[in-house]
Amino acid sequence: FQGIVITPLLLLLFLGSSSSVPFTSIFSQLFMTVVVPLIIGQIVRRYIKDWLERKKPPFGAISSCVLLMIIYTTFCDTFANPNIDLDKFSLIIVVFIIFSVQMSFMFLTFLFSTRNNSSFTPADTVAIIFCSTHKSLTLGIPMLKIVFAGYEHLSLISVPLLIYHPAQILLGSLLVPTIKSWMVSRQKALKLTRQPKAPVKV
């Protein structure tokens, strides 16, 4: 939700108020594309929640298929553009930067959520690491297409997001065993420290 407001504001801040940065138009389109469907979905869900729990339609599989189609079509649109002008060395550099940024975000969120004065549980920390660093194509691509509509280098601009999304899936799958073992050991340690000490007999 913050991205819907912050993104146009950042464009206005860095690019200035001009005809190329229609702040009101961008904000209204983002609101209609992202916020309105979400609000409608939440309202409808209140009335069909019981039916959904009984029938259990395969929304998970449908969501995965739609996401896969968005990724596939975006990749096709990006790399089918003859004006993309992205050499292999530049692509490798972009991949390295994105992996570094992703790892930095995950490390910073881990440090933030495990501070001494933090009230987060180990399970909270795991959720923070994965959720707060998440950037999905389902929101990013519509935002890019609205903000940079008609821009000839739109395909080039979408490359970092196209790499970021698979990168977070890959890093997440690689880090799951390590993070899981840390969470289990931390939870056991917390349970031991919270157990009342037996009285010492004299």
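I began with the area buried between the two domains of this predicted model. Domain 1 and domain 2 bury about 750 Å² between them, and 86% of that area is on carbon and sulfur atoms. I then looked up which residues supply it on the side of domain 1. L11, I26 and L30 give 38% of the area that domain 1 buries against domain 2, more than any other three residues.

I noted the bounds next. The domain assignment puts residues 1-56 in domain 1 and residues 58-186 in domain 2. I read 19 Å between the C-alpha centres of the two domains.

For contacts, I found 10 residues of domain 1 touching eight residues of domain 2. I searched for salt bridges between domain 1 and domain 2 and the count was zero. I also looked for residue pairs in polar contact across this interface, both at pLDDT 80 or more, and the rule returned zero.

I checked which elements form the side of domain 1 that touches domain 2. Those giving two or more residues are α1 (2-15) and α2 (23-55). The largest share, six residues, comes from α2. By residue class, I have five nonpolar, four polar and one charged on that side of domain 1.

I turned to the UniProt record, an unreviewed entry. Under "transmembrane region" it lists residues 30-48, 60-80, 92-113, 125-148 and 154-176. I checked two of these spans in the model.

Residues 92-113 are 100% helix and 0% strand, with the end C-alpha atoms 32 Å apart. For residues 125-148 I get 75% helix and 0% strand. The end C-alpha atoms of residues 125-148 lie 35 Å apart.

Terms used. Residues numbered from 1 in each chain as written. Predicted model: local features only at pLDDT ≥ 70, side-chain atom pairs only at ≥ 80, totals over all residues. Heavy atoms only, no water. UniProt positions renumbered as here; feature names shortened; annotations may be inferred. Helix = DSSP H or I, 4+ residues; strand = E, 2+ residues; numbered from the N terminus. Domains from an automatic or database assignment. Contact = heavy atoms within 4.5 Å. Buried area = accessible area lost by both parts, 1.4 Å probe. Salt bridge = Lys/Arg side-chain N within 4 Å of Asp/Glu carboxyl O. Polar contact = N/O pair within 3.5 Å; in protein donor to acceptor, adjacent residues only side chain to side chain. Nonpolar A, V, L, I, M, F, W, Y, C, P; charged D, E, K, R; others polar.
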